[in-house]
Amino acid sequence: MKAIILFGHGARDSRWREPFDRLAVLWREQHSKTPVELAFLEMMQPSLEEAVISLSAQGANEITVVPVFFGQGGHLRNDFPVLLEECRGKFPNMTLSATPAVGEDLAVLQAIVDFGAKAL
């Protein structure tokens, strides 16, 4: 079974997480047959490994991690690949892949332009 992890940075302020929670709710409403979990690099839970464990318990064996970052900064270039490889080592029967940062997708950039245009 396929599943998805929406992976964010994390923050000390719990309110920072609210859009991520809404994103997961939207995913569940629109793609109810594909499980989703949130995961965070630091300061928030669950971790990437904890999200993989949760999805595995739900029967997932193929997980795509979507970094909900605006761009490929140091965390995605340095820290995230290490975490992903650690999970691959701990879950050898699981297929774990990752997309580029969502902010690198033209549709996401266009949505931001459209948002700005509506604000004028």
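Trainee: What makes β1 and β2 count as paired strands?

Mentor: In this predicted model, β1 and β2 are joined by five bridges in the parallel sense. Two strands pair if there are at least two bridges between them, so five is enough. One place to look is leucine 6, which stands opposite leucine 38 in β2.

Trainee: And how do the strands line up in the sheet?

Mentor: The order is β2-β1-β3-β4, in an open sheet with parallel pairing. The twist from one strand to the next averages 25°.

Trainee: Why are β2 and β4 said to stand at the edges?

Mentor: Each of them has a single partner strand, so one side of β2 and one side of β4 (95-98) have no neighbour in the sheet.

Trainee: Which strands does helix α2 lie across?

Mentor: Helix α2, residues 48-57, lies across β1, β2, β3 and β4, and it runs at about 165° to β2. Helix α1 lies across β1 and β2, at about 160° to β2.

Trainee: Let's look at glutamate 37 in strand β2. How do you know that it has no salt bridge?

Mentor: The nearest side chain of opposite charge is arginine 28, and it is 4.8 Å away. A salt bridge needs the charged atoms within 4 Å, so this pair does not qualify. Glutamate 37 is buried all the same.

Trainee: What makes its approach to serine 54 a polar contact?

Mentor: The side chains of glutamate 37 and serine 54 are joined at 3.0 Å. The cut-off is 3.5 Å, so that distance fits. The side chain of glutamine 58 also makes a polar contact with the side chain of glutamate 37, at 3.1 Å, and 3.1 Å is within the cut-off too. Beyond its sequence neighbours, glutamate 37 is in contact with several residues, including Ile4, Leu6 and Ala51.

Trainee: Why is lysine 33 called exposed?

Mentor: Its relative accessibility is 75%. Exposed means over 50%, so lysine 33 belongs in that class. You will find lysine 33 in the loop between α1 and β2.

Trainee: Then why is methionine 1 called partly exposed?

Mentor: Methionine 1 has a relative accessible area of 38%. Buried is under 20% and exposed is over 50%, so 38% falls in between. This residue sits in the segment before β1.

Trainee: How far apart are methionine 1 and lysine 33 in sequence and in space?

Mentor: They are 32 residues apart in sequence and 9.3 Å apart in space, C-alpha to C-alpha. For methionine 1 and threonine 34, the values are 33 residues and 7.9 Å.

Methods
Residues numbered from 1 in each chain as written. Predicted model: local features only at pLDDT ≥ 70, side-chain atom pairs only at ≥ 80, totals over all residues. Heavy atoms only, no water. Helix = DSSP H or I, 4+ residues; strand = E, 2+ residues; numbered from the N terminus. Buried < 20%, exposed > 50% of the residue type's maximum accessible area, 1.4 Å probe, protein only. Lys, Arg positive; Asp, Glu negative; His and termini not counted. Polar contact = N/O pair within 3.5 Å; in protein donor to acceptor, adjacent residues only side chain to side chain. Contact = heavy atoms within 4.5 Å. Axes fitted to C-alpha atoms, helices over the stretch in contact; angles between N-to-C directions. Lists of a residue's contacts leave out its neighbours within four places in sequence.
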